[in-house]
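Student: Got a minute to walk through this one with me? I'd like to begin with the pocket.

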Amino acid sequence: MAYVPAPGYQPAFNPPIPYTTMIAGGLRVGMVVTIQATLPSKYNRFTINFACGQEETSDIALHQNARYDGRDRVVFNSKQGEVWGNEDLKKEMPFKSGKVFFIMFEITRNNYQVFANGAPFFEFAHRISLDRVNWIQVSGDIVVQELAIIGSGPGVKGGLVMSAAQCDLLPMLGPAYVNAPVPFSANIRGGMIPKRNVVVKGIVNSKAKSFTINLKASYNNEIALHLKPNLSKNIVVRNSFINGTWGEEETEQVKNPFKVGEYFNISIYSDDQNFKVFVNGSLSFNYAYRLSNLQQVDKVEVEGDVNIVYVFI
């Protein structure tokens, strides 16, 4: 089964480079864009653009250019009317060869807040109005494992912006919980009724033994889905806690996609009969409902040996 993200969430896994994608509904305050990537064996520079069009002559609201030429640095700029503005430089390079790196852009009223590997890196003030920015471009010497646009579509003039495949899914309205502390808990508005999605993006700690994601009913603490990757045993345990008792564990799956020190993306989707759990864009397993009233399943919890990048509901 192919993964179809809900409206409001635009992930791309292992896209070809150069890569250009439209921001559904356009860019606006509160949105988050994340890029998980590595460098190829030979590299010189790579570019990330927040652009007003997909042509070479289009205005660029934010141009981030990582340069490796003996004076490694990251350049920030904008372009209007085919004229580049004044460059801003960061004379440090957090995007290293041989390591997975993570870039995150938070869109605020005043600027783009740029994070590198979870740490604040740069703030770039808006030079072009956000309502003109509707494309993201990635090019150059970079291997993108995942690019996600969080908070796209809902809330724009004219209603939701979605593909035909998304029309049967409930929108993800957010906001995203970014760099949230662990243990983590958040409400799921309306519960995990069919067509609902919950996404957890994180990184497994370097000395991790296990971590847990629970979907539970807050009024009685029953757990509809208990998902626990056990790193030492290389299994992913699934279970439910109902009427004060744990049920029978399920552990069967093709492979354990969770590795110490690596990023992961978990999307839990509720259909008519199962929780469908996708990891890094691929279906990992189905879990048949044991708690029948999904509307009561109104809380997501994350705890254990993991750092949260974002949770989006």
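**Pocket, sheet and odd backbone spots**

Tutor: Sure. The lining of the largest pocket consists of Phe13, Asn14, Gln36, Gln145, Glu146, Lys201, Pro257, Lys259, Glu262, Tyr263, Phe264 and Asn280. Keep in mind that this is a predicted model.

Student: How much space lies in that largest pocket?

Tutor: About 220 Å³.

Student: And how do the lining residues divide into nonpolar, polar and charged?

Tutor: There are four nonpolar, four polar and four charged residues in the lining.

Student: Which strands each supply at least two residues of the lining?

Tutor: β13 (143–150) and β21 (263–270).

Student: OK, β13 then. Where is β13 in the sheet order?

Tutor: β13 sits between β1 and β3 in an open sheet of six strands, ordered β1-β13-β3-β9-β10-β11, with antiparallel pairing.

Student: Why is one side of β1 and of β11 left without a neighbour in the sheet?

Tutor: β1 (9–13) and β11 (119–125) are at the edges and have a single partner strand each, so one side of each has no neighbour there. As for the turn between neighbouring strands of this sheet, the average is 15 degrees, ignoring direction.

Student: Back to β13. How many bridges does β13 make with β3?

Tutor: Seven, in the antiparallel sense, with β3 covering residues 32–38. Glutamine 36 has glutamate 146 of β13 as its bridge partner. Both Gln36 and Glu146 are also among the pocket-lining residues.

Student: New topic: backbone. Which peptide bonds are cis?

Tutor: One joins isoleucine 17 and proline 18, with omega about 5 degrees. Another runs from valine 182 to proline 183, where omega is near 5 degrees. For background, most peptide bonds are trans.

Student: Where are proline 18 and proline 183 found?

Tutor: In loops: proline 18 is in the one between β1 and β2 (19–22), and proline 183 is in the one between β14 (177–178) and β15 (184–187).

Student: What about phi at asparagine 14?

Tutor: Asparagine 14 has a positive phi, about 55 degrees, though it isn't a glycine. Asparagine 14 is in the loop between β1 and β2, and Asn14 also helps line the largest pocket.

Student: Is asparagine 14 buried or exposed?

Tutor: Exposed, at a relative accessible area of 58%.

Student: And what is phi at asparagine 221?

Tutor: Near 65 degrees, again a positive value in a residue other than glycine. Asparagine 221 lies in the loop between β17 (211–217) and β18 (223–230). Asparagine 221 is partly exposed, with a relative accessible area of 43%.

Note on methods. Residues numbered from 1 in each chain as written. Predicted model: local features only at pLDDT ≥ 70, side-chain atom pairs only at ≥ 80, totals over all residues. Heavy atoms only, no water. 1 Å grid on protein atoms, 1.4 Å probe; cavity = no way out; pocket = protein on both sides within 12 Å on 5 of 7 lines; lining within 4 Å. Points joined across faces, edges and corners; volume = space filled by probe spheres on them. Helix = DSSP H or I, 4+ residues; strand = E, 2+ residues; numbered from the N terminus. Nonpolar A, V, L, I, M, F, W, Y, C, P; charged D, E, K, R; others polar. Pairing = 2+ DSSP bridges. Axes fitted to C-alpha atoms, helices over the stretch in contact; angles between N-to-C directions. Buried < 20%, exposed > 50% of the residue type's maximum accessible area, 1.4 Å probe, protein only.
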